[in-house]
Amino acid sequence: MSRNLALNSLNSAAGAPGQAERCLESLFSQNPGLSERDRALAVHLVQGVLRWQIRLDWILKQYVRFPFGKIDPLVLNILRLALFQILFLDRVPESAAVNEAVKQSKKMGQKHVVSFVNGILRRICREKDHLSYPRPEKERHLYQSVYYAYPLWLVKKWSHELGPDSTEQLLKAGNEIPRLTIRTNTLRTSRQALLNCLLEEGITGRATSFSPEGIELLNFKGSISRLKAFKDGLFQVQGEAAQVCTHLLTPGQDDVIADMCAGLGGKSSHLAELMGDRGRIFSLDNSVPRLRGLQQNVNRLGIGSVFPLAADIMAPLSFLRWSVNKIMVDGPCSGLGVISKHPDTKLTKKEGDIKRMAMIQKSILTQSSQALSSGGELLYATCTLSKEENEGVVESFLRENNGMMLQNLSRSIPKWGIDLVDDNGFLKTFPHIHGMEGFFAALFRKN
């Protein structure tokens with residue numbers, strides 16, 4: 001059952017970001033009797049194929065005697081799914097992976113497809129200890145691209161910006177299965193009290209290394225919404241780097257804050273908690289369904305100072321008639337810092353997307369800064385590792401907006417986060433160095 005759900009999900013993806021994950025959730029809702037174990041396996045299979053697809057395809061190409069592009073996409077996903085199990089899942093017997101793939105191919109009603117799938121997979125099983133990869137000493141970039149399953153353009157980009165050794169460590173970190181991180185709702189409980197509550201539900205957690213509200217759940221499986229602590233509004237799911245970013249805006253109880261690109265309200269609700277649910281937070285997003293989800297989240301957390309607003313933040317924000325003294329811009333980006341959580345980023349993002357995203361981010365910053373009151377602060381944050389979208393956007397924005405001044409975050413970040421600020425005063429976190437998502441943040445003040 002899990003393998004069939006995974007296959008259906010992969011077949012639905014069609015290169016759209018997050019599509020496979022959304023399809024899998026839909027399939028789960030259509031099969032309410034599915035056990036937690038089967039759900040977990042289906043998720044692991046889908047994520048695994050997406051995470052390692054570039055390597056899987058490299059191997060399959062060596063066993064196909066005709067142009068790789070002529071393989072039926074449905075057949076190709078059957079092969080990828082089986083090959084992932086053969087290479088990466090020790091607990092799944094090779095014979096089981098092959099037999100399930102053969103069963104799936106039989107449903108297509110073509111005998112030559114069954115023979116093709118069976119023949120390739122059995123041959124790979126016999127030769128899997130002698131698979132061929134590019135030689136790292138001669139083709140280092142190509143080797144890293146294939147072996148770690150990242151697009152070649154991204155490997156070259158990171159090697160140029162970060163150096164070859166750091167790039168290899170980053171590639172490894174991005175392939176690790178991420179643990180689930182949550183944020184304590186300090187309006188209702190403390191981190192230690194929440195850890196105790198979770199333990200009573202059989203969930204072991206540990207405090208995050210930097211964020212004072214963060215908890216990393218260890219070996220958690222299943223749906224987070226089933227937990228009593230979640231239903232009681234004691235926590236919100238949020239990565240540690242995102243939690244750190246909210247602290248950089250140093251929100252006060254009397255502040256009026258605008259959260260651009262608010263999404264489901266992770267940062268809005270965190271701001272409210274840090275402000276003691278006082279002041280006022282306007283959460284802007286162009287998606288009404290996301291804003292409905294935001295409202296549900298703040299209701300569950302017991303927050304009353306967050307006000308969702310549907311708006312196009314790339315257009316003038318003159319409708320914001322309140323004096324906004326702080327703005328959070330967590331802009332849309334390429335997401336290269338959260339590949340471990342969203343492995344399909346490797347397959348859906350293209351090199352040309354970087355420049356396009358940088359232009360969008362600068363436009364959002366410009367419009368947001370016009371809504372900021374004199375002396376106010378604006379925090380720009382991304383979850384990507386791309387100089388064009390990070391330092392490049394900051395430099396371009398400052399050139400075109402003389403009234404905005406860059407602030408050194410080392411002067412305002414709490415002591416627990418000082419090691420996360422670089423020599424230029426930017427927040428920069430890396431999965432292979434800090435054990436959290438790759439984030440960037442810069443703080444501006446309006447003269």
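The points below comment on the packing, strand pairing, aromatic contacts and backbone of this predicted model.

1. The nonpolar interior is best taken up first. The largest nonpolar core has 48 residues, and those with the most contacts inside it are Leu 60, Val 117 and Leu 121. Helices α1 (2-13), α2 (19-30), α3 (36-61), α4 (73-88), α5 (94-106) and α6 (111-127) each supply at least two residues of this core. Apart from it lies another core, of 34 residues, which includes Ala 242, Leu 248, Ile 257 and Leu 294.

2. The surroundings of Leu 121 can be listed residue by residue. When its neighbours within four places in sequence are left aside, Leu 121 is in contact with Leu 79, Ala 82, Leu 83, Ile 86, Val 98 and Ala 101. Leu 121 is also one of the residues with the most contacts inside the largest nonpolar core, so these contacts deserve a look when the model is inspected.3. Helix α7 (residues 140-147) holds several enclosed positions, with Tyr 143, Gln 144, Ser 145 and Val 146 buried. What covers these buried residues of α7 includes α3, α8 (152-162) and α9 (164-174). Tyr 143 also belongs to a cluster in which ring pairs link Tyr 133, Tyr 143, Tyr 147 and Tyr 148. After α7 comes Ala 149, whose phi is positive, near 65 degrees.

4. Which strands does β6 pair with, and in what sense? Strand β6 (residues 280-285) pairs with strand β7 (residues 306-310) in the parallel sense over five bridges, and β5 and β6 pair in the parallel sense over four bridges. On the β7 side, Asp 285 stands opposite Ala 310; on the β5 side, Ala 258 stands opposite Phe 282 in β6. Because five of the six residues of β6 are buried, this strand is largely enclosed by the rest of the structure.

5. The connections between these strands run through helices. β5, α13 and β6 make a right-handed β-α-β unit, and β6, helix α14 (residues 288-301) and β7 make a right-handed β-α-β unit as well.

6. A search of the whole structure finds 13 aromatic pairs. One of them joins Phe 426 and Phe 440, whose rings are tilted, at 5.1 Å centre to centre and with 45 degrees between the planes. This pair links distant parts of the chain, since Phe 426 is in the loop between β10 (404-407) and β11 (427-428) while Phe 440 is in strand β12 (residues 440-446), 14 residues apart. Both partners are buried: Phe 426 has a relative accessible area of 7%, and Phe 440 has one of 1%.

7. Two basic side chains are placed over aromatic faces. Arg 300 lies over the face of Phe 230, at 3.8 Å from the ring centre, and Lys 346 lies over the face of Trp 52, at 5.7 Å from the ring centre.

8. The backbone also calls for comment. Most residues other than glycine have a negative phi, and most peptide bonds are trans. Thr 250, by contrast, has a positive phi near 40 degrees, and its place is in the loop between α12 (240-248) and β5 (256-260). Thr 250 is partly exposed, with a relative accessible area of 36%. Cys 261 likewise has a positive phi, near 50 degrees, and is found in the loop between β5 and α13 (266-274).

9. Is Thr 189, a loop residue, buried or exposed? Thr 189 is in the loop between β1 (180-184) and α10 (191-200), and at 16% relative accessibility this residue counts as buried, because the cut-off for that class is under 20%. Leaving aside its neighbours within four places in sequence, Thr 189 is in contact with Thr 184, Leu 194 and Leu 234.

Key. Residues are numbered from 1 along each chain as its sequence is written. This is a predicted model: local features need pLDDT of at least 70, side-chain atom pairs count only at pLDDT 80 or more; totals for chains, interfaces and linings use all residues. Side-chain values use heavy atoms; hydrogens and water are left out. Rings of Phe, Tyr and Trp (its six-membered ring) pair if their centres lie within 6.5 Å; planes under 30 degrees apart count as stacked, over 60 as edge-to-face and the rest as tilted. Buried means under 20% relative accessible area, exposed over 50%, partly exposed in between (1.4 Å probe, protein chains only). A charge sits over a ring if NZ of Lys or CZ of Arg is within 6 Å of the ring centre and within 35 degrees of the ring normal. Two strands pair if DSSP finds at least two bridges between them. A crossover is right-handed if, with the strands pointing away from the viewer, the path from the first strand over the helix to the second runs clockwise. Contact means heavy atoms within 4.5 Å. A nonpolar core is a set of buried Ala, Val, Leu, Ile, Met, Phe, Trp, Tyr and Cys residues joined through side-chain atoms within 4.5 Å.
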